[in-house]
Amino acid sequence: MGMTTSASVPASSEGGIRDTVTDRLVAANARYAAEFTDPGMDAHPVLRVAIVACMDARLDLHAALGLELGDCHTIRNAGGVVTDDVIRSLTISQRALGTRSVVLIHHTNCGLETITEDFRHELEMEVGQRPAWAVEAFRDAEQDVRQSMQRVRTSPFLLHTDDVRGFVFDVKTGLLREIDPA
């Protein structure tokens, strides 16, 4: 039997009408907002760091890295790969909001290690239109971290490329392993 989380279990409201996961999230937000007080921050991250990581639900970046609200910019996508959109976000983060460091985090057992660029072809066959984006699948998380570091370091749009470090997060132990860029 598969593992379930609180968000995957159907809920019922008082009338027996089934709530969606989104309805439950909106209700949770209402409870959060009832206790919320403005922390008085602006959009500039306190630690002047931007973190690029995979969107995998097993990665609780704030807890894993000891971060608090307002400490960093977090940019997440499938695989944590450095795409044109990630460069866009990092450029805004650095040039408009003062970040100076970039941390790249991939992880063990990533879903992008199990698919190929054929995914795009399969989508094209199914929907009749080829996606404009690349899947960016990879077989070796360490090598992809190196490639991502290189993409950041060589981008002409980024002002600060001297403090770019990459890691692989182990989803079984919670530990980061730093990747040598060479």
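**Exercise 1. State how exposed Asn109 is, and describe its backbone and its place in the chain.**

Asn109 is partly exposed, with a relative accessible area of 48%, where buried means under 20%, exposed over 50% and partly exposed in between, for a 1.4 Å probe and protein chains only. Asn109 belongs to the loop between S5 and helix H4 (118-127), helices (H or I, at least four residues) and strands (E, at least two) being DSSP runs numbered from the N terminus. Although Asn109 is not a glycine, its phi is positive, at about 55°.

The model is predicted, so local features need pLDDT of at least 70 and side-chain atom pairs count only at pLDDT 80 or more, whereas totals for chains, interfaces and linings use all residues. Residues are numbered from 1 along each chain as its sequence is written, and side-chain values use heavy atoms, with hydrogens and water left out.

**Exercise 2. Carry out the analysis for Glu136.**

Glu136, which is not a glycine either, has a positive phi of about 65°. Its position is in the loop between H4 and H5, and at 18% relative accessibility Glu136 counts as buried.

**Exercise 3. Determine which residues of H5 are buried and how they are arranged around its axis.**

Begin with the extent: helix H5 (residues 141-153) has 13 residues. Its buried residues are Ala141, Asp144, Val145, Ser148, Met149 and Val152. Viewed down the axis of H5, these fall within an arc of 145° (taken from the directions from the helix axis to the C-beta atoms), so they line one face of the helix.

Key:
The expected span of a helix is 1.5 Å times one less than its number of residues.
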